[in-house]
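Pull up the model and let's walk through it together. We'll begin with a single residue and work outwards from there.

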Amino acid sequence: MQNRRGVDGQCDDELSWQRLANCLGVDPDLFFPERGASTREAKEVCRGCVVRDDCLDYALANGEKFGIWGGLSERERRRVRRARAGGRRNGAASA
Ligand code: SF4
């Protein structure tokens with residue numbers, strides 16, 4: 001997982017969730033498909049992953065632009081990012 005994500009050097013606690021990742025030992029290329037290629041297999045691996053939320057949060061917090069993280073594609077993560085940003089703006093406006 002750390003090699004696939006290239007996140008070596010990060011604090012152990014911050015990335016401890018990766019030890020439980022479903023994708024440990026899975027071909028990294030599966031999670032970084034060529035443009036237009038299917039993401040179905042990668043998402044299938046993510047589906048049962050117990051650290052899916054941690055993975056997604058990590059990708060969003062670090063602006064990961066490529067690949068499947070937390071079971072979501074780049075486009076899907078952009079939607080989540082926009083929705084969360086919108087939620088924060090609305091929350092701030094109503095506070
Ligand atoms: S959600 Fe997917 S990419 Fe993220 S750790 Fe789990 S299996 Fe790996």
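**A walk through the fold**

Start at Phe31, which sits in the loop between helix 1 (2–5) and helix 2. Helices here (H or I, at least four residues) and strands (E, at least two) are DSSP runs, numbered from the N terminus. Why does Phe31 count as buried? Because it has 20 C-beta neighbours inside 10 Å. The rule is that a residue is buried if 20 or more other C-beta atoms lie within 10 Å of its own, exposed if 12 or fewer, and partly exposed in between, with C-beta atoms placed from the backbone. Phe31 also has a partner from elsewhere in the chain: Phe66 is 35 residues away in sequence, yet the two are 8.9 Å apart in space, C-alpha to C-alpha.

Before going further, a word on what you're looking at. This is a predicted model, in which local features need pLDDT of at least 70 and side-chain atom pairs count only at pLDDT 80 or more, while totals for chains, interfaces and linings use all residues. Residues are numbered from 1 along each chain as its sequence is written. As for pLDDT, that's the predictor's confidence in each residue, from 0 to 100. The protein's mean is 87, with 83% of its residues at 70 or more. Confidence is highest in helix 2, at 98, and lowest in helix 1, at a mean of 45.

Now zoom out. The protein has four helices and zero strands, so to speak an α-α-α-α pattern when read along the sequence. Of its 95 residues, 20% count as buried. Contacts (two residues whose C-beta atoms, placed from the backbone, lie within 7 Å) can be sorted by how far apart the partners sit in sequence. Of those with a separation of 6 or more, 41% join residues 24 or more positions apart.

What makes up the largest nonpolar core? A nonpolar core is a set of buried Ala, Val, Leu, Ile, Met, Phe, Trp, Tyr and Cys residues joined through C-beta atoms within 7 Å. The largest one here has 12 residues in all, and our starting point Phe31 is among them, along with Ala21, Cys23, Ala42, Cys46, Val51, Cys55, Tyr58, Ala59, Ile68, Trp69 and Leu72. Helix 2 and helix 3 each supply at least two residues of this core, and helix 3 gives the most, with three.

That makes helix 3 (52–61) a good place to stop. Its residues Cys55, Tyr58 and Ala59 are buried. Seen down the helix axis, the buried residues of helix 3 fall within an arc of 95 degrees, so they line one face of the helix; the arc is that of the directions from the helix axis to the C-beta atoms. As a reminder, an α-helix has 3.6 residues a turn, so residues three or four places apart point the same way. Turned away from the buried side of helix 3 are the exposed residues Asp53 and Ala61. Just after the helix, Gly63 takes a positive phi of about 60 degrees.

Look at what two residues of this helix touch. Setting aside neighbours within four places in sequence, Cys55 is in contact with Ala21, Trp69 and Gly70. Leu56, also in helix 3, touches Trp69, Gly70 and Leu72, again not counting residues up to four places away. The C-alpha atoms of Leu56 and Gly70 are separated by 4.2 Å, although their positions lie 14 residues apart along the chain. Leu56 is partly exposed, because it has 19 other C-beta atoms within 10 Å.

Next, the ligand. It is surrounded by 14 residues, and the closest are Ala21, Cys23, Cys46, Cys49 and Cys55; a residue is near it if its C-beta atom, placed from the backbone, lies within 6 Å. Helix 2 (40–47) and helix 3 are the elements that give two or more residues to this shell. By class, the shell has 10 nonpolar, three polar and one charged residues. Here Ala, Val, Leu, Ile, Met, Phe, Trp, Tyr, Cys and Pro count as nonpolar, Asp, Glu, Lys and Arg as charged, and the others, Gly among them, as polar.

Finish on the outside, with Arg40 in helix 2. Arg40 is exposed because it has 8 other C-beta atoms within 10 Å.
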